[in-house]
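The points below are meant for a colleague who is opening this structure for the first time. Please read them with the sequence and the 3D view side by side.

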2 protein chains.
Amino acid sequence: MTVLLTIQYDGTDYSGWQRQSNTPHTVQEVLENALERRLGAFRVITAAGRTDAGVHALAMPCAFVCDNLRIPLDRLPLALNSLLPPDIRVMSARRVGDGFCPIIDATSKTYRYEIDNSPCSDVFARRYAWQIRRELDTAAMRQAAAHFVGTHDFMAFCASGGSAATSVRTIFEINLRETANRVSISVTGSGFLYNMVRIIAGTLADVGLGKLPQERIPAILLSRDRKKAGQTAPANGLTMVGVVYPNVL
Amino acid sequence: MTVLLTIQYDGTDYSGWQRQSNTPHTVQEVLENALERRLGAFRVITAAGRTDAGVHALAMPCAFVCDNLRIPLDRLPLALNSLLPPDIRVMSARRVGDGFCPIIDATSKTYRYEIDNSPCSDVFARRYAWQIRRELDTAAMRQAAAHFVGTHDFMAFCASGGSAATSVRTIFEINLRETANRVSISVTGSGFLYNMVRIIAGTLADVGLGKLPQERIPAILLSRDRKKAGQTAPANGLTMVGVVYPNVL
């Protein structure tokens with residue numbers, strides 16, 4: 001049967017989601033080791049998004065196939081959590097249809113990018129937010145954000161090293177919320193290219209810092225030139241918030 | 001002149017505030033090393049509260065005396081922050097009257113104790129909150145908290161090892177706030193005995209878990225017996241929030 005887990009992790013101390021031969025400490029490897037100890041045989045786990053080193057997840061869906069589940073599904077989270085380190089938690093486990101794929105079956109994904117804009121960086125935000133001390137012009141950032149909504153070729157907002165067949169993506173919504181020195185940018189889209197959310201966040205920060213006029217965004221999109229867009233925001237501010245599967249509860 | 005610094009720190013990776021001969025990594029030592037590099041000679045720094053290992057501070061006042069301040073006061077925070085690790089920040093520096101003492105001159109101190117009461121512990125709360133998965137009866141906890149308000153002998157809520165002359169203290173206010181699986185207990189008082197806030201928080205948690213009836217608190221206070229009170233809540237949930245000095249801006 002195919003099992004969909006929803007997991008939460010603090011990515012600070014990991015080399016990202018994906019198992020790599022040269023770096024031992026990835027979320028996938030730690031989770032797979034726990035699954036192996038609890039379930040014995042299972043087929044490789046796939047996550048909805050392969051987050052980079054330092055990126056966090058509030059609710060990351062990932063799926064695996066297991067022919068003989070030795071533990072009742074409702075007790076699987078607790079059984080795994082007792083083996084997992086405190087910076088990775090399994091929040092839920094449920095059965096899904098055979099052939100379910102957390103990447104292909106997703107209709108929308110939401111990421112959040114956090115900026116700590118306090119004049120003296122907040123020590124409690126440092127693991128989870130990009131710390132920018134100079135005051136940001138959030139009105140300009142909000143105008144800039146609106147240009148990204150819709151279906152565009154996001155080639156200018158894609159780091160090299162990605163493997164996507166097309167650079168056209170749809171952004172359904174970008175929200176920018178301000179609360180007491182925090183600027184929280186949430187981006188919901190059909191899917192994202194490599195580093196796309198971090199380059200969008202970095203470009204919005206450049207607009208907020210007055211380095212880039214907001215009205216230049218449409219031309220940057222049309223250029224398909226990475227060098228025209230803004231900086232790549234650091235990984236620690238990024239969190240995968242959630243994924244929608246229309247055919248799963 | 002006497003300088004009052006307000007600092008913020010994430011206590012997770014420190015052996016508490018106070019410099020100790022056998023443990024090198026204390027907040028005081030790290031701060032004093034930065035002060036020494038920037039200012040040369042200064043007289044030993046005193047904090048309003050000597051927080052234990054793992055306890056945090058949102059705004060901890062501490063004072064030092066320096067005869068020859070080589071850096072303008074308004075630039076001292078930035079000058080120190082450039083030397084300090086990211087889990088300690090100096091938020092402000094101001095001159096106070098000679099003879100000012102951050103302990104004696106305080107008229108009230110506020111600590112906050114955070115509990116993460118989500119059924120599946122929140123990875124982002126683990127450094128800053130006590131994780132209790134079983135649902136807490138917060139109505140009973142609120143009733144229990146009210147018994148602590150006022151002037152009492154808090155001997156039953158004091159760990160051995162303290163050096164206070166008297167165990168009588170006044171609690172001005174205890175607030176218990178609930179927001180989405182978080183229980184936040186804030187305690188404001190004239191001063192606190194060794195581990196007093198953590199034993200109060202642990203006792204409130206025992207009430208919330210149904211281990212201790214809330215109406216027993218007055219008798220526990222009267223007993224002056226530490227064994228009658230509840231458990232000591234773990235250090236990581238505790239944060240020094242602030243201190244009031246009536247004669248300082």
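1. A good place to begin is a pair within one chain: Asp225(A) and Lys227(A) form a salt bridge in which the closest N and O atoms are 3.8 Å apart. Please keep in mind throughout that this is a predicted model. Asp225(A) counts as partly exposed, because its relative accessibility is 22%, and the cut-off for buried is under 20%. Its partner Lys227(A) is exposed, with a relative accessible area of 75%.

2. In chain B, Asp225(B) forms a salt bridge with Lys228(B), and here the closest N and O atoms are 3.4 Å apart. Lys228(B) has a relative accessibility of 49% and therefore counts as partly exposed, since exposed means over 50%. Over all chains, a search of the whole structure finds 24 salt bridges.

3. Close by in the sequence is a residue whose backbone deserves a look, namely Arg224(B), which has a positive phi of about 55 degrees although it is not a glycine. Most residues other than glycine have a negative phi. Arg224(B) is placed in the loop between helix H5 (217-223) and strand E10 (238-244) of chain B, and with a relative accessible area of 43% it is partly exposed.

4. A positive phi also occurs in chain A, where Ala180(A), again a residue other than glycine, has a phi near 35 degrees. Ala180(A) is found in the loop between strand E8 (168-179) and strand E9 (182-189) of chain A, and its relative accessibility of 76% makes it exposed.

5. How are chain A and chain B related to each other? A rotation of 180 degrees, with 0.0 Å of shift along its axis, superposes chain A on chain B with an RMSD of 0.0 Å. The two copies are thus related as by a two-fold rotation axis. Of the interface residues of chain A, 100% are also interface residues in chain B, so the copies meet through the same surface.

6. The contact takes 23 residues from chain A and 23 residues from chain B. About 1700 Å² is buried between the two chains, and carbon and sulfur atoms give 65% of that area. Three residues, Val123(A), Phe124(A) and Arg126(A), supply 36% of the area that chain A buries against chain B, which is more than any other three residues supply.

7. Between chain A and chain B the count is two salt bridges, and across the same interface four residue pairs are found in polar contact. The elements of chain A that give two or more residues to the side touching chain B are strand E1 (2-9), strand E3 (56-65), helix H2 (76-81) and strand E4 (88-96). Of these, E4(A) gives the most, with four residues. By type, the residues on that side of chain A divide into 12 nonpolar, four polar and seven charged.

8. Which residues form the salt bridges that cross between the chains? In one, the side chains of Arg126(A) and Asp10(B) meet with an N to O distance of 3.0 Å. In the other, Asp10(A) pairs with Arg126(B), the closest N and O atoms being 3.0 Å apart. This second pair runs from the loop between E1 and helix H1 (27-39) of chain A, where Asp10(A) lies, to the loop between E5 and strand E6 (130-131) of chain B, where Arg126(B) lies. Both Asp10(A) and Arg126(B) are buried. Asp10(A), Asp13(A), Arg127(A) and Arg126(B) are linked in a network of salt bridges.

9. Two further buried residues may help a new reader find their way around. Thr188(A) lies in strand E9 of chain A and is buried, with a relative accessible area of 14%. Leaving aside residues up to four places away in sequence, Thr188(A) touches Ser108(A), Lys109(A), Thr110(A), Ile171(A), Phe172(A) and Glu173(A).

10. The other residue is Cys101(B), which lies in the loop between strand E4 (88-96) and strand E5 (108-116) of chain B. Although placed in a loop, Cys101(B) is buried, with a relative accessible area of 18%. Not counting residues up to four places away in sequence, Cys101(B) touches Ala106(B) and Tyr245(B). From C-alpha to C-alpha, Cys101(B) and Tyr194(B) are 19 Å apart in space, and they are 93 residues apart in sequence.

Technical notes
Residues are numbered from 1 along each chain as its sequence is written. Chains are lettered from A and ligands numbered from 1 in the order in which they are written. This is a predicted model: local features need pLDDT of at least 70, side-chain atom pairs count only at pLDDT 80 or more; totals for chains, interfaces and linings use all residues. Side-chain values use heavy atoms; hydrogens and water are left out. Buried means under 20% relative accessible area, exposed over 50%, partly exposed in between (1.4 Å probe, protein chains only). Copies are superposed by least squares on the C-alpha atoms of residues with pLDDT of at least 70 in both. Contact means heavy atoms within 4.5 Å. Buried area is the accessible area (1.4 Å probe) that two parts lose on being put together, summed over both. A salt bridge is a side-chain nitrogen of Lys or Arg within 4 Å of a carboxyl oxygen of Asp or Glu. A polar contact is a pair of N or O atoms within 3.5 Å; within protein, one must be able to donate a hydrogen and the other to accept it, and residues adjacent in sequence count only if both atoms are side-chain atoms. Ala, Val, Leu, Ile, Met, Phe, Trp, Tyr, Cys and Pro count as nonpolar, Asp, Glu, Lys and Arg as charged, and the others, Gly among them, as polar.
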